[in-house]
Amino acid sequence: MNRTLLAILFFILPAFSFANEVEVLHWWTSPGEKAAVSVLERQLNDKGIKWEDFGVEGGGGSKAMTVLKSRVISGNPPTAAQIRGKGIQEWASLGLLTEIDDVARKERWDEKLPPMVSETLKFQGHYVAAPVNIHRNNWLWVNPQAFRKTGLELPETWEDMFRIAPQLQKAGYIPLAYGREPWQASAIFESVLLATGGADFYRAAMVENDPEALTSKTMMKTFETMARIRGLFDQGSSRRSWDQATQLVIDGKAAMQLMGDWVRGEFLLQDKQPGKDFLCIPAPGTKDAFVYNIDSFVMFNMPDEQQKKAQQSLASLLMNPDFQIAFNLKKGGIPALDFIDDQDMDICARKSRRDFNRSMARGTLVPSTTHGMAAGERVQNVVSEVVSRFINDPNADPAKAVKQLSLAIKALK
Ligand code: BGC
């Protein structure tokens with residue numbers, strides 16, 4: 001190849017590939033999540049846009065958020081990033097996000113999304129994020145074999161759970177699979193809080209951060225139940241990731257796991273059938289309620305017109321019904337678009353859709369604290385820290401934890 005041609009390629013190729021690719025920061029790094037990402041990558045490639053993967057290990061996303069901050073501070077934001085809930089408002093208020101109103105208007109997003117979803121995606125009335133799904137957090141994932149073998153009934157309340165746990169342990173099962181990460185502790189806590197106080201109490205404590213709710217007897221009872229939950233874990237449970245905990249249920253070492261429905265993605269990837277090889281039932285005491293989080297992507301301001309176009313194409317793909325169906329068959333959530341027929345979905349997804357609609361009608365749909373939907377990142381982190389320190393220390397005192405949590409939240413106000 002002659003020198004002039006090389007020089008031309010040197011200048012043209014990077015510009016070409018740069019403009020037609022999107023670098024996306026996310027935390028979908030478990031096997032099931034990776035399978036879902038490849039659906040997105042393939043469908044984007046079909047549109048002529050290359051997916052530059054920037055996956056940051058760590059369920060729940062707190063590591064990903066730290067990496068994102070350092071990239072933005074050093075002037076090198078990705079083209080797009082997975083950001084949820086209140087985080088969208090926090091990033092948008094810094095003036096760093098691109099509005100995607102043009103696509104939203106053209107594709108009539110307002111008509112296609114439930115209002116509680118579209119409100120989450122807007123900043124000062126403008127769309128700055130595109131959703132891919134709705135996850136339910138208050139699920140209990142069950143290995144039915146553990147219940148067949150022991151002849152035990154599935155637990156509907158925490159009292160049921162504490163009653164059956166010794167028999168499960170006797171039969172060699174860990175009652176509840178858990179890895180000692182702060183957000184995993186918080187995921188259990190929010191379901192216990194909901195079971196103890198109901199949806200209105202949950203909102204008062206976690207959305208409004210009402211001091212009376214935070215110091216109430218109901219909060220005390222929640223921590224007392226959390227203290228008893230310690231006895232459901234295996235002694236050796238170290239900092240295992242959520243999907244390693246799921247593997248314990250899949251392998252028949254643990255009977256159950258309380259976790260959001262991304263767990264379904266792990267079961268499905270290993271050819272496990274819902275209703276047969278695994279069951280999804282509401283977390284104890286929460287059958288009439290739904291703790292939600294919405295996965296969504298924001299686009300960072302980019303100087304280049306081609307890049308802006310690629311961002312618009314990405315936003316449009318994320319909201320495409322066929323994409324949302326294919327993606328969530330791997331990811332475990334339900335499409336964020338609410339007109340989608342559920343005939344292609346499995347039994348757990350159909351239950352999720354039904355319970356979402358019912359909870360919305362009953363006023364028992366509540367935003368997840370653990371996943372940044374109920375309050376901003378600082379409250380989310382405080383809850384995770386206080387709750388995980390409490391649950392990981394066998395001697396921690398519920399009354400002290402209630403005090404710590406309310407004081408720490410007060411200090412943020
Ligand atoms: C996200 C899910 C993800 C889960 C585990 C949650 O915060 O919303 O999409 O699968 O974390 O990493």
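User: Which residues come nearest to the ligand, of the 14 around the ligand?

Analyst: A residue is near a molecule or strand if one of its heavy atoms lies within 4 Å of it. Of the 14 residues around this ligand, Glu33, Arg84, Asp295, Lys331 and His371 come nearest. Keep in mind that this is a predicted model: local features need pLDDT of at least 70, side-chain atom pairs count only at pLDDT 80 or more, and totals for chains, interfaces and linings use all residues. Residues are numbered from 1 along each chain as its sequence is written, and side-chain values use heavy atoms, with hydrogens and water left out.

User: Which N or O atoms lie at 3.2 Å or 2.7 Å from an oxygen atom of the ligand?

Analyst: Start with the idea of a polar contact. It is a pair of N or O atoms within 3.5 Å; within protein, one must be able to donate a hydrogen and the other to accept it, and residues adjacent in sequence count only if both atoms are side-chain atoms. Now the case here. The side chain of lysine 331 has an N or O atom 2.7 Å from a ligand oxygen. For tryptophan 27, a side-chain N or O atom is 3.2 Å from an oxygen of the ligand. Glycine 60 uses its backbone: an N or O atom there lies 3.2 Å from a ligand oxygen.

User: How much of the ligand does the protein bury?

Analyst: Accessible areas come from the Shrake-Rupley method with a 1.4 Å probe; for residues, only the protein chains shown count as cover. Taken alone, the ligand exposes 310 Å². The protein buries 100% of that.

User: How many disulfides are there, and which cysteines are joined?

Analyst: A disulfide is a pair of cysteine sulfur atoms within 2.5 Å. The count is one disulfide. It links cysteine 280 to cysteine 348, with S to S at 2.2 Å. The angle about the S-S bond is -105 degrees, and the link is left-handed. Cysteine 280 sits in strand 10 (residues 279-282) and cysteine 348 in helix 17 (residues 347-362), so the pair ties together parts 68 residues apart in sequence. Helices (H or I, at least four residues) and strands (E, at least two) are DSSP runs, numbered from the N terminus.

User: Are these cysteines, 280 and 348, buried or exposed?

Analyst: Buried means under 20% relative accessible area, exposed over 50%, and partly exposed in between (1.4 Å probe, protein chains only). Cysteine 280 has 3%, so cysteine 280 is buried. Cysteine 348 is at 1%, so cysteine 348 is buried too.

User: How many salt bridges are there?

Analyst: A salt bridge is a side-chain nitrogen of Lys or Arg within 4 Å of a carboxyl oxygen of Asp or Glu. The count comes to 19 salt bridges. One of them joins aspartate 234 and arginine 240, with the closest N and O atoms 2.7 Å apart. Both of these residues, aspartate 234 and arginine 240, are buried.

User: Where else do side chains meet in a salt bridge?

Analyst: Arginine 108 meets glutamate 111 at 2.9 Å, N to O. Arginine 108 is partly exposed at 44%, and glutamate 111 is exposed at 59%. Lysine 287 and aspartate 288 also pair, at 3.8 Å. Lysine 287 is exposed at 56%. Aspartate 288 is partly exposed at 38%. Partners can be shared as well: salt bridges join Glu21, Lys50 and Glu52 into one network.

User: Where is aspartate 160 found?

Analyst: Aspartate 160 is in helix 9 (residues 158-170). Aspartate 160 has a relative accessible area of 17%, so aspartate 160 is buried. Its side chain makes a polar contact of 2.7 Å with the side chain of arginine 163.
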